Amino acid sequence: MEELQKGLAKQSLESLDVNALTPLTPEVISRQATVNVGTIGHVAHGKSTVVKSISGVRTVRFKNELVRNITIKLGYANAKLYKCSNEACPRPACY
């Protein structure tokens, strides 16, 4: 009998349809590694732009930040990173 780890979706090779798996199915998402990436730098050096490019989340959320076009309050954004399974994809572009 297989032991279930907390937070992982149950997988059974007999009932798992590999052709139906996508990067967003619970069986795949629950087994993805977590990576924390921090940004640090001087004012107006593009930290918020990098976060938006990677995650699609706009870090400027508050009215005073929008007016001044700066990010004042600390925040975070989640993003999914996937690796290309094609051997022709060179590193680091395969992520």
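**Exercise 1. The cysteines**

Find how many disulfides there are under the rule that a disulfide is a pair of cysteine sulfur atoms within 2.5 Å, and say which cysteines take part.

Solution. By this rule the count comes to one disulfide. The structure is a predicted model, in which local features need pLDDT of at least 70 and side-chain atom pairs count only at pLDDT 80 or more, while totals for chains, interfaces and linings use all residues. Residues are numbered from 1 along each chain as its sequence is written, and side-chain values use heavy atoms, with hydrogens and water left out.

Step one is to name the partners: Cys84 is joined to Cys89, with a distance of 2.4 Å from S to S. Step two is the handedness, and here the torsion about the S-S bond of Cys84 and Cys89 is about 40°, so the disulfide is right-handed.

Step three concerns exposure, where buried means under 20% relative accessible area, exposed means over 50%, and partly exposed lies in between (1.4 Å probe, protein chains only). Cys84, at 30% relative accessibility, is therefore partly exposed, and Cys89 is also partly exposed, with a relative accessible area of 27%.

Step four turns to Cys94, whose closest cysteine sulfur is that of Cys89, at 6.7 Å, which is too far for a bond. Because its relative accessibility is 3%, Cys94 counts as buried.

**Exercise 2. The surroundings of Ser55**

Place Ser55 in its helix, and list which atoms its side chain reaches.

Solution. Ser55 belongs to helix α2, which covers residues 47-55; helices (H or I, at least four residues) and strands (E, at least two) are DSSP runs, numbered from the N terminus.

Next come the polar contacts, each a pair of N or O atoms within 3.5 Å; within protein, one atom must be able to donate a hydrogen and the other to accept it, and residues adjacent in sequence count only if both atoms are side-chain atoms. The side chain of Ser55 reaches the backbone oxygen of Val51 at 2.7 Å, and it reaches the backbone nitrogen of Val57 at 3.1 Å.

The last step looks along the chain: leaving aside residues up to four places away in sequence, Ser55 touches Ala77, Asn78 and Ala79, where contact means heavy atoms within 4.5 Å. Ser55 and Lys80 are 25 residues apart in sequence, and their C-alpha atoms are 7.6 Å apart in space.

**Exercise 3. Lys73, Glu65 and Tyr76**

Decide whether Lys73 and Glu65 are buried, partly exposed or exposed, and then find which residues each of them touches.

Solution. Begin with Lys73, which is found in the segment after α3 and counts as partly exposed because its relative accessibility is 48%. Not counting residues up to four places away in sequence, Lys73 touches Phe62 and Glu65. The C-alpha atoms of Lys73 and Arg61 are 8.7 Å apart, although the two residues are 12 places apart in sequence.

Continue with Glu65, which lies in helix α3 and has a relative accessibility of 1%, so Glu65 counts as buried. With residues up to four places away in sequence again not counted, Glu65 touches Thr59, Val60, Ile70, Thr71, Ile72 and Lys73.

Finish with Tyr76, which is also placed in the segment after α3 and counts as exposed because its relative accessibility is 64%. Tyr76 and Val51 are 25 residues apart in sequence and 8.6 Å apart in space, C-alpha to C-alpha.

**Exercise 4. Backbone geometry**

Which two residues are joined by a cis peptide bond, and where does Ala44, a residue with positive phi, lie?

Solution. As background, most residues other than glycine have a negative phi, and most peptide bonds are trans.

For the first part, the cis peptide bond joins Arg91 and Pro92, with omega about 0°, and Pro92 is found in the segment after α3. For the second part, phi of Ala44 is near 65°, a positive value in a residue other than glycine. Ala44 lies in the loop between α1 (26-29) and α2, and Ala44 counts as exposed because its relative accessibility is 75%.

Technical notes:
A disulfide is a pair of cysteine sulfur atoms within 2.5 Å.
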